[in-house]
There are 2 protein chains.
Amino acid sequence: MAGSMGQDSLGQETLDLVDRWWRAANYLSLGQIYLRSNPLLREPLAADHTKSRLLGHWGTTPGLNFVYAHLNRVIRRDQQEMLFVAGPGHGGPAVVANAWLEGTYSEIYGQVGPDEAGMAELFRQFSYPGGIPSHAAPETPGSISEGGELGYALAHAYGSVFDNPQLITAVVIGDGEAETGPLAASWHSHNFLDPAADGAVLPILHLNGYKIANPTILARMPQEQLEQLLRGYGHEPYFVTVEDPDNTEQAHRDFAAALNNCLAGIRAIQGSRRARAEGVGGNADDGGTAAGAPGSGAAPHWPMIVLRSPKGWTGPRIVDGLQVEGTWRSHQVPLAEVRTNGAHLKQLEEWLKSYRPEELFDADGRLRPDVATNAPTGNLRMSATPHANGGLLRTPLRLPAYAAHAVDIAAPGTERISPMITLGSWIRDVISLNMENFRLFGPDETASNRLQAVYEVTDKVWQYRIDDVDEHLARSGRVLEVLSEHLCQGWLEGYLLSGRHGVFSCYEAFIHIVDSMFNQHAKWLKVHRKLPWRQPVASLNYLLSSHVWQQDHNGFSHQDPGFIDHAVNKKAEVIRVYLPPDVNTLLSVMEHCLASTDYVNIVVSGKQPSPTWLGPADAANHCRRGLGIWEFAGSEVPGEDPDVVLACAGDVPTVETVAAAELLKWGIPGLKVRVVNVVDLMRLQDVSEHPHGLPASDFDGIFTPDKPIIFAYHGYPSLIHRLAYRRTNQDGLHVRGYKEEGTTTTPFDMAMLNGIDRFQLAIDAIDRVPGLAEKHSLLRQDLQDRRIQARAHTRTHGEDPEEIRKWTLMAQKESG
Amino acid sequence: MAGSMGQDSLGQETLDLVDRWWRAANYLSLGQIYLRSNPLLREPLAADHTKSRLLGHWGTTPGLNFVYAHLNRVIRRDQQEMLFVAGPGHGGPAVVANAWLEGTYSEIYGQVGPDEAGMAELFRQFSYPGGIPSHAAPETPGSISEGGELGYALAHAYGSVFDNPQLITAVVIGDGEAETGPLAASWHSHNFLDPAADGAVLPILHLNGYKIANPTILARMPQEQLEQLLRGYGHEPYFVTVEDPDNTEQAHRDFAAALNNCLAGIRAIQGSRRARAEGVGGNADDGGTAAGAPGSGAAPHWPMIVLRSPKGWTGPRIVDGLQVEGTWRSHQVPLAEVRTNGAHLKQLEEWLKSYRPEELFDADGRLRPDVATNAPTGNLRMSATPHANGGLLRTPLRLPAYAAHAVDIAAPGTERISPMITLGSWIRDVISLNMENFRLFGPDETASNRLQAVYEVTDKVWQYRIDDVDEHLARSGRVLEVLSEHLCQGWLEGYLLSGRHGVFSCYEAFIHIVDSMFNQHAKWLKVHRKLPWRQPVASLNYLLSSHVWQQDHNGFSHQDPGFIDHAVNKKAEVIRVYLPPDVNTLLSVMEHCLASTDYVNIVVSGKQPSPTWLGPADAANHCRRGLGIWEFAGSEVPGEDPDVVLACAGDVPTVETVAAAELLKWGIPGLKVRVVNVVDLMRLQDVSEHPHGLPASDFDGIFTPDKPIIFAYHGYPSLIHRLAYRRTNQDGLHVRGYKEEGTTTTPFDMAMLNGIDRFQLAIDAIDRVPGLAEKHSLLRQDLQDRRIQARAHTRTHGEDPEEIRKWTLMAQKESG
Ligand SMILES: Cc1ncc(C[n+]2csc(CCOP(=O)(O)OP(=O)(O)O)c2C)c(N)n1
Ligand SMILES: Cc1ncc(C[n+]2csc(CCOP(=O)(O)OP(=O)(O)O)c2C)c(N)n1
Ligand SMILES: [Mg+2]
Ligand SMILES: [Mg+2]
């Protein structure tokens with residue numbers, strides 16, 4: 001039947017089919033919210049057929065179902081690959097209902113079969129203890145976006161279509177959701193979309209007029225203003241307005257026409273750009289100099305739909321004398337008292353029957369074959385698309401050997417190099433080898449973070465005007481830069497969940513902007529990992545630079561190492577944190593991260609030139625172990641207990657620790673100092689708490705069960721205590737780290753302000769190793785004086801003393 | 001001279017004055033970035049007159065100075081109160097320069113006098129160790145917005161004008177900044193602004209074309225599209241385009257004209273709305289039904305300015321053969337090598353001289369009197385406005401006695417009530433008593449969080465169409481609801497820093513959305529508190545409800561108690577965390593918070609009916625202590641050591657703990673159980689770490705030095721370990737809390753999933769009190785069975801067993 005339809009058939013029969021699908025989905029959605037038995041209403045509805053707790057969101061649901069039913073029509077017609085993103089993910093009943101109608105649900109979850117028993121289970125399990133969540137969660141086939149925390153739908157949608165030229169992602173945006181910052185920023189995403197090589201996003205702004213308890217801004221602004229706004233966003237809006245909720249026929253006709261127009265519009269844009277990209281119709285790079293009209297060479301105005309329909313459409317119009325359909329009162333459960341209020345129960349029964357289930361399901365509770373024909377087949381079903389189960393499509397990155405980039409060293413700590421510059425050259429090669437499934441995302445900081453080598457092989461995407469003076473901007477490229485951490489994160493999430501790879505490079509302090517998005521992604525991964533039908537996706541890799549200790553042009557507001565603390569609250573199996581101390585360890589860590597799946601990897605590295613401690617082979621070993629004793633830096637005697645352990649994690653703390661060990665070595669000959677560097681922070685936890693955790697015996701061996709440990713840490717000190725909690729020697733652990741002291745000052749002054757400088761660390765050792773304080777009071781005093789001098793030097797000269805700035809392990813040794 | 005100017009004088013003389021001010025500000029900005037001596041160029045510029053580290057951002061600075069100079073003209077002309085918000089706060093040199101020119105800087109900071117020595121110090125201190133930050137920080141007179149983390153300027157600006165009818169806040173928005181989510185959402189803020197009772201915001205979108213390393217979206221989209229976008233936001237844009245950077249005269253004329261138009265436009269809107277509000281010109285509440293034209297009754301289109309000017313305007317055009325002025329290359333320090341490259345040094349000298357300092361400063365380095373006349377006087381100076389030092393204007397809230405709302409109880413834990421509903425009635429009374437300086441902010445959740453009693457005395461502000469079906473919407477009101485946590489936070493910050501009071505009520509999980517904004521505010525407060533000239537502002541109060549343990553309609557994505565963890569990384573002197581266990585303690589805590597200053601208070605409370613434990617007087621004492629032993633819940637014998645301490649913090653954990661104590665009491669007669677409830681979480685820290693910390697001896701007395709402590713905590717368990725770190729009995733501390741387990745399920749199932757349920761806590765006690773495990777194996781088994789039964793009940797009935805749902809302390813006792 002599908003095959004027999006003409007290209008633009010909006011015949012009665014087709015729309016009637018769409019309508020039946022819609023009614024079926026609405027019926028199933030309602031059943032999920034209310035019913036725990038009697039799914040087909042074989043008996044008169046009784047109170048105890050209903051659930052004791054009525055949990056879910058009806059208001060958004062009929063709109064989602066309406067859109068879904070219509071999308072199916074065009075998918076079938078055009079054999080178009082589509083992905084569905086439900087911005088208002090609280091409309092979980094809708095996405096689940098459609099997945100069941102398409103058969104996917106029963107294929108994945110055998111206990112929820114395509115018949116009456118399955119329908120009963122479908123209803124029972126929803127928002128039910130031991131059942132499924134109320135939102136478009138990982139458990140939901142076809143979903144890449146939970147929509148629990150609102151605002152990320154449009155960014156996710158864009159992420160899914162980058163490098164997917166054949167895909168159109170339809171995204172329903174709630175009018176409430178549209179008020180959020182991340183969503184508001186997302187409208188500009190098409191400036192980063194290459195019509196030739198990427199797919200398309202079809203935004204469907206769902207103006208159902210309300211959010212939880214209020215009207216929405218976009219629904220209430222004058223129509224003319226809304227039109228200006230959407231055009232201002234660079235869209236060509238098609239409006240579908242449901243004037244009369246009962247005239248669903250008109251609504252179907254209008255929406256189908258709008259959808260046809262949008263698909264035609266998308267193909268027109270793609271067609272002309274793709275032709276030009278192939279050199280058929282002119283210069284692919286002529287866009288954007290003239291005003292906005294499509295075809296004039298300006299960035300295209302992508303079509304979109306505005307659906308104005310009543311919230312809770314087809315639900316009860318009036319309940320207890322108050323208007324419900326078309327108001328915020330339909331947001332959750334319009335009839336709240338069906339168990340105790342006979343009138344409510346009656347109204348629910350009428351409401352269920354209004355969908356005429358007997359026309360939709362057969363005697364066995366199966367979807368009638370005629371209605372079923374509205375579903376596309378196989379992977380074209382949006383609930384079954386592999387783009388929403390990206391692990392199915394993911395191919396591992398081809399990773400260049402990093403040996404070619406690694407830095408050979410004559411001796412540890414004698415040369416300075418910017419780890420990020422070198423990493424940039426390796427990432428450049430990663431890009432060269434993976435031009436279609438790897439991207440670098442950043443809030444205008446890729447060069448600031450010193451990764452500029454990537455521009456030797458690729459560009460930053462930009463569709464608006466490109467001027468002569470611009471560098472590395474082009475219509476297509478592997479780098480996406482926008483001044484929105486939310487967009488970087490949202491795009492990357494969509495890109496990963498649809499099967500690709502990427503890195504988000506960001507200032508360390510400002511990654512907190514996406515704390516909450518990170519939460520949602522980490523939660524997603526936790527659940528996703530347990531679902532056998534979901535295949536592993538590439539890890540989300542954060543590369544945090546311009547970190548707390550190196551804020552040249554900036555100050556206190558840019559100093560915050562707390563993202564790590566935030567992240568470790570999430571499930572241990574998902575979180576990995578790396579603090580490579582130098583360039584070679586950074587390379588090794590990044591290679592590991594880019595090859596991994598289903599994690600969130602956090603890598604923190606400074607961009608300023610800093611000492612290289614380990615040659616390539618040692619670095620690889622060090623990273624494999626995750627931590628290690630640095631013999632070259634310490635002064636212990638093999639076979640004997642050390643007197644003190646100086647431990648460190650993070651590049652700047654490592655420099656200070658090695659320098660402190662050197663101060664102690666020369667100042668207190670015979671003192672046995674052990675230096676331990678930690679790359680993989682999770683090694684500090686016990687193996688029972690984290691898969692990377694170090695067994696107790698290893699930990700005791702390295703950190704000793706009873707000697708003082710002076711630990712210089714990159715971030716807030718409490719995290720080290722937390723991780724090393726209940727280690728044998730936790731009482732011996734003394735941690736230095738960032739304590740919210742600082743401003744615009746020199747790097748060494750920052751270290752001093754927070755007490756992680758070499759002098760303080762050496763003093764700490766003197767104070768904590770029994771017996772030293774008395775014997776080495778003079779040294780202690782000297783260290784204090786040098787500290788004071790170092791500070792005074794910054795005040796006079798505006799920079800750190802040369803002995804600090806240019807310090808290397810060798811130089812110091814010679815002068816020592 | 002100011003007095004003699006006509007209303008719209010744009011005469012040559014006036015604009016020349018503005019130009020001289022601009023040049024002076026540019027000169028001083030440049031001096032701050034580059035010079036450490038020779039401020040007036042008395043000698044030929046030499047390398048060692050310049051700073052060794054050149055730190056700061058030039059690119060945005062001339063634009064900020066340009067705007068500031070022009071604003072001064074109209075302030076003087078109209079004696080208009082204005083506040084200046086620099087979105088690109090990295091233009092710190094500009095705001096500092098203007099404050100110095102206005103004399104404010106020298107008034108506040110005596111060492112930076114208004115003469116040559118002062119100028120030298122002004123230059124030296126900038127971005128210098130021991131000096132001042134590079135941004136518009138708390139140290140900067142006239143600033144309420146650091147602008148270090150970009151995106152909050154416009155929200156801050158709106159916050160400052162609510163309930164300030166006489167104020168206009170001019171806010172410069174960077175075109176890069178405009179790409180951020182929070183900024184993009186902020187454009188709609190005027191829908192929440194009452195032209196009659198609030199002041200006005202004048203946005204000045206600064207299209208200097210670039211951010212750090214890229215062009216900006218708004219600068220590159222076609223002009224026509226930009227116009228649509230800004231009109232779509234509800235603004236009437238006035239464009240000022242600097243075609244020829246050398247023709248500054250034209251630029252001045254154009255900007256002055258635009259500014260005149262904007263001020264006239266603002267006054268027209270305010271005039272008509274205020275007249276109507278006073279009943280002069282019609283119905284104040286007729287807005288918004290017709291289309292957007294001003295005066296037609298629709299929401300007004302507020303004027304704004306778009307300033308298209310070259311980034312780094314007036315700076316070096318070409319450096320080393322590359323274009324700098326008008327490109328991203330001018331973002332930071334255009335001439336980077338003045339110390340080592342003679343050509344750079346020469347170019348810097350020419351650049352400095354291009355401002356003709358001799359026309360601007362006299363022989364003593366003082367601003368020439370004629371130039372100085374461009375400054376307004378006294379508090380009209382934007383650098384001196386009390387609106388930017390809100391503590392000067394703050395009047396304490398009039399707080400109603402909460403006794404009238406407190407709940408009397410017959411016995412502890414016998415009645416259930418929703419604490420939030422009762423709190424709502426108290427907040428209603430707070431509102432009634434403070435109709436002009438208190439607001440409630442929320443992301444569409446005020447009613448969902450059960451504070452609906454406030455609508456008995458006030459409404460939610462809304463300027464677009466209001467329909468008959470709407471409830472509690474009006475043109476003015478005390479409640480601001482928008483689906484953007486960023487806006488709630490940004491508005492509230494602006495409102496507080498300009499001297500008023502407020503509460504932000506939010507779902508607990510989603511407050512992470514503003515983690516980073518919270519960071520910036522907490523950092524602001526830390527610095528602000530140390531500045532003697534800044535007066536205390538009201539605390540920022542978070543009221544977090546719909547918390548992790550009570551997610552009826554929602555699931556995993558809505559379960560996150562980690563905001564507390566995030567907050568405690570900030571300076572202890574700023575952070576307060578309260579977990580009131582019941583209604584009376586909630587009232588007491590909120591009263592305390594609303595009376596406090598310079599803190600961030602975090603209050604977490606459930607909205608579901610829950611037991612009341614303490615009568616009003618006991619609750620007040622409990623809160624004053626911050627924690628306490630609950631004799632009624634335990635079974636200890638005065639004068640004897642308890643066998644075990646059951647501690648709790650948070651409402652749900654408290655219920656489970658009291659119930660667990662009861663289980664133990666009946667199950668193991670003679671067992672001495674102490675129950676401790678913690679309201680003020682910071683009490684757990686040592687007094688050396690937090691001002692609220694409990695002295696060691698008190699802690700040891702309450703928690704015992706050696707008995708097992710079973711601590712049921714609202715959030716992630718590690719926080720309790722962290723806070724109680726190094727307490728004598730920390731090894732005896734066993735914490736239960738949220739461990740990222742959960743989904744859409746019943747409340748008690750959530751407790752069980754995370755192991756904080758009563759049965760588990762009782763089992764924990766049995767396992768940890770020496771000797772119990774053997775003797776009470778049967779009880780232990782029985783508790784396990786009851787746990788399994790409770791879970792099974794949820795699976796069968798979809799809700800918790802009645803004995804759990806309806807549990808009260810009394811009922812249990814009788815049946816026990
Ligand atoms: C960031 C965020 N803040 C608050 C909420 C609470 N919330 C759940 S649904 C909803 C209203 C959504 O309105 P809209 O986007 O219009 O969806 P619809 O009307 O289709 O239900 C709100 C505020 C949320 N889910 N996410
Ligand atoms: C949220 C955030 N992300 C990134 C940065 C880093 N950053 C500092 S300045 C800047 C560019 C700002 O551009 P724009 O707003 O146009 O200001 P202007 O051009 O006037 O300097 C960026 C990205 C930041 N400060 N804040
Ligand atoms: Mg809506
Ligand atoms: Mg800019």
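**Close-up views of the ligand sites**

**Figure 1. Polar contacts of ligand 2 in the predicted model.** An oxygen atom of ligand 2 is placed 2.7 Å from a polar backbone atom of B:G176. A nitrogen atom of ligand 2 is 3.1 Å from a polar backbone atom of B:L150. From the side chain of B:N208, a polar atom lies 3.0 Å from an oxygen atom of ligand 2. On its own, ligand 2 has 590 Å² of accessible area, and the protein covers 99% of this. The structure shown here and in the other views is a predicted model.

**Figure 2. Surroundings of ligand 2, which lies between chains A and B.** The shell consists of 24 residues. A:E485, B:T60, B:H90, B:D175 and B:K311 are the closest to ligand 2. Sorted by class, the shell holds nine nonpolar, seven polar and eight charged residues. The largest cavity is the space that ligand 2 takes up.

**Figure 3. Surroundings of ligand 1, placed between chains A and B.** Around ligand 1 there are 24 residues. Those that come nearest are A:T60, A:H90, A:D175 and A:K311 from chain A, together with B:E485 from chain B. The class count for this shell is nine nonpolar, seven polar and eight charged residues.

**Figure 4. Polar contacts of ligand 1 with chain A.** The side chain of A:K311 has an N or O atom 2.6 Å from an oxygen atom of ligand 1. Two backbone contacts are also shown. In one, a polar backbone atom of A:G176 is 2.7 Å from an oxygen atom of ligand 1. In the other, a polar backbone atom of A:Y210 is 2.8 Å from an oxygen atom of ligand 1. Ligand 1 taken alone exposes 590 Å², of which the protein buries 99%.

**Figure 5. Protein donors of the magnesium ion (ligand 3).** Chain A supplies the protein donors A:D175 (OD), A:N208 (OD1) and A:Y210 (O). They lie 2.0 to 2.2 Å from the magnesium ion. Along the chain, the donors follow the spacing D-x32-N-x1-Y. The donor residue A:D175 is also among the residues that come nearest to ligand 1, and A:Y210 has a polar backbone atom 2.8 Å from an oxygen atom of ligand 1.

**Figure 6. Burial of two magnesium donor residues, A:N208 and A:Y210.** The relative accessible area of A:N208 is 6%, so this residue counts as buried, the limit being under 20%. A:Y210 has a relative accessible area of 6% and is therefore buried as well.

Note on methods:
Residues are numbered from 1 along each chain as its sequence is written. Chains are lettered from A and ligands numbered from 1 in the order in which they are written. This is a predicted model: local features need pLDDT of at least 70, side-chain atom pairs count only at pLDDT 80 or more; totals for chains, interfaces and linings use all residues. Side-chain values use heavy atoms; hydrogens and water are left out. A residue is near a molecule or strand if one of its heavy atoms lies within 4 Å of it. A polar contact is a pair of N or O atoms within 3.5 Å; within protein, one must be able to donate a hydrogen and the other to accept it, and residues adjacent in sequence count only if both atoms are side-chain atoms. Accessible areas come from the Shrake-Rupley method with a 1.4 Å probe; for residues, only the protein chains shown count as cover. On a 1 Å grid over the protein atoms alone, a cavity is a set of points where a 1.4 Å probe fits but cannot get out, and a pocket is an open set with protein on both sides within 12 Å along at least five of seven lines; lining residues have an atom within 4 Å of a point. A molecule sits in a cavity or pocket if more than half of its atoms lie within 2 Å of its grid points. Ala, Val, Leu, Ile, Met, Phe, Trp, Tyr, Cys and Pro count as nonpolar, Asp, Glu, Lys and Arg as charged, and the others, Gly among them, as polar. Donors are N, O and S atoms within 2.8 Å of the metal (3.2 Å for Na, K and Ca); water is not among the atoms, so sites may look incomplete. Buried means under 20% relative accessible area, exposed over 50%, partly exposed in between (1.4 Å probe, protein chains only).
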